[in-house]
Amino acid sequence: MSIPMDYHIHTPYCGHAYGEIIEYVEHAIAAGLKEIGFSDHLGRYYLTPSQLKKNWEWGMREELVPKYFGDVSDLQKLFDGHIRIRIGLEVDFIEGAQNTASKILDSLPFDFAICSIHCLPSLGWKHLARYTEISPATVYKEYFKAAEAAVVSDRFQSLAHLDFLWRYVDCTTNELKSIALKGIEQTVKAASKSQTALEINSNGFHHALIDPVGTELFGFFLDQISIHKPSVTIGSDAHEPKNVAWLFEDLAAILKTKGITSILGFEQKQSVVFEI
Ligand SMILES: [Zn+2]
Ligand SMILES: [Zn+2]
């Protein structure tokens, strides 16, 4: 195992991940990892009152957040000396809710916060895959606008799965591909000038193995990282224990060919460099 850490792991507290939290740690140790970061979905209770009325909710309910922090803290003690466990959150980037989200994030003692774009409220409160009545070009443009805004906000330690877009909204035309290539390049360039790392997600890598357009876009994403050198993190986005460190050996081999060998972890929001 040459990727020593997995910085995107869920728990059953989000309501759509499986198994016991301890099983994720046990699987990480079996996979040879030195460090993991739990990053469960923060529920969108931080939205403004008018946004909350329309919200499509997912993630940890507010009352579960202290239990999540408590459970991970217990695991840190239990596995001390065997694996380092960091605690993080995956937070949806929602335009207009930055201030309310910041207040909540400032009150929580996490090591790192990942920012994600699963929905684009300007186009409707639903999963990216469900904007079937909207032109895909509009979805692509809005997505990259949000990705760039999230990166330059410097509010988060990393931006998750840029590939989420082309995994869920088919990139079927040359027009879409050209928007995607431009958006990837701009997001990577913006990250290289910011404090925000970009996540290399093993779901995105898996999609690149099975879909020709995914191969091209994910490869271009890695090439842009090689050129512009933003900080990067690596995560499996595991929603079940067996997916911790999913495809990491194959991914490491690709990253080495691209010259991407330094990755970041975080302790109390301070970055720590790991080598692949
Ligand atoms: Zn996500
Ligand atoms: Zn996730």
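**Stop 1: helix α7**

Start by selecting residues 174-192, which form helix α7 in this predicted model. The helix has 19 residues and reaches 27 Å from its first C-alpha to its last, close to the 27 Å expected at 1.5 Å a residue.

Now colour the buried residues of α7: L176, I179, A180, G183, I184, T187, V188, A190 and A191. Turn the view until you look down the axis of α7; its buried residues fall within an arc of 160°, so they line one face of the helix. What does the face turned away from the buried side of α7 carry? Select N174 and K182 and you will find exposed residues there.

Next, show the surroundings of the buried residues of α7. They pack against three helices and two strands, which you can select one after another:

- α5 (136-153)
- β5 (158-159)
- α6 (164-168)
- β6 (197-201)
- α9 (212-228)

**Stop 2: the zinc ion, ligand 1**

Select ligand 1, a zinc ion, together with E90, H118 and H161. These residues are its protein donors, through OE of E90 and NE2 of both H118 and H161, and they lie 2.1 to 2.2 Å from the ion. Along the chain, the donors of this zinc ion follow the spacing E-x27-H-x42-H. Trace the backbone from E90 in strand β3 (residues 84-92) to H161 in the loop between β5 and α6: the pair ties together parts that are 71 residues apart in sequence. Are E90 and H161 buried or exposed? Both of them are buried.

**Stop 3: the zinc ion, ligand 2**

Keep E90 on screen and add the zinc ion that is ligand 2. The two zinc ions, ligand 1 and ligand 2, are 3.3 Å apart, and E90 coordinates both. This is also a good place to follow the chain: E90 in strand β3 and D237 in the loop between β7 (232-235) and α10 (248-257) are 147 residues apart, and the pair links distant parts of the chain.

Which residues coordinate the zinc ion (ligand 2)? Select H8, H10, E90 and D237; the donor atoms are NE2 in H8 and H10, OE in E90 and OD in D237, at 2.0 to 2.2 Å. If you check the angles among the four donor atoms of ligand 2, they run from 82 to 168°, and the site is irregular. The donor spacing for ligand 2 reads H-x1-H-x79-E-x146-D along the chain. Like E90, D237 is buried.

**Stop 4: the nonpolar core**

Hide the ions for a moment and select F38, L89, Y140, I200 and F221. Of the 100 residues in the largest nonpolar core, these touch the most other members. Then bring back α5, which gives the largest share of this core, nine residues.

**Stop 5: two lysines with positive phi**

Finish with the backbone. Most residues other than glycine have a negative phi. Select K229 in the loop between α9 and β7: although K229 is not a glycine, its phi is positive, about 55°. At 64% relative accessibility, K229 counts as exposed.

Then move to K269, in the loop between β8 (262-267) and β9 (270-275). What is the phi of K269? The value is near 70°, again positive in a residue other than glycine. With 34% relative accessibility, K269 counts as partly exposed.

How values were computed: Residues numbered from 1 in each chain as written. Chains lettered and ligands numbered in written order. Predicted model: local features only at pLDDT ≥ 70, side-chain atom pairs only at ≥ 80, totals over all residues. Heavy atoms only, no water. Helix = DSSP H or I, 4+ residues; strand = E, 2+ residues; numbered from the N terminus. Expected span 1.5 Å × (residues − 1). Buried < 20%, exposed > 50% of the residue type's maximum accessible area, 1.4 Å probe, protein only. Arc of directions from axis to C-beta. Contact = heavy atoms within 4.5 Å. Donors = N, O, S within 2.8 Å, 3.2 Å for Na, K, Ca; no water. Tetrahedral: all angles 85-135°; square planar, octahedral: opposite > 155°, others 65-115°. Core = buried A, V, L, I, M, F, W, Y, C linked by side-chain atoms within 4.5 Å.
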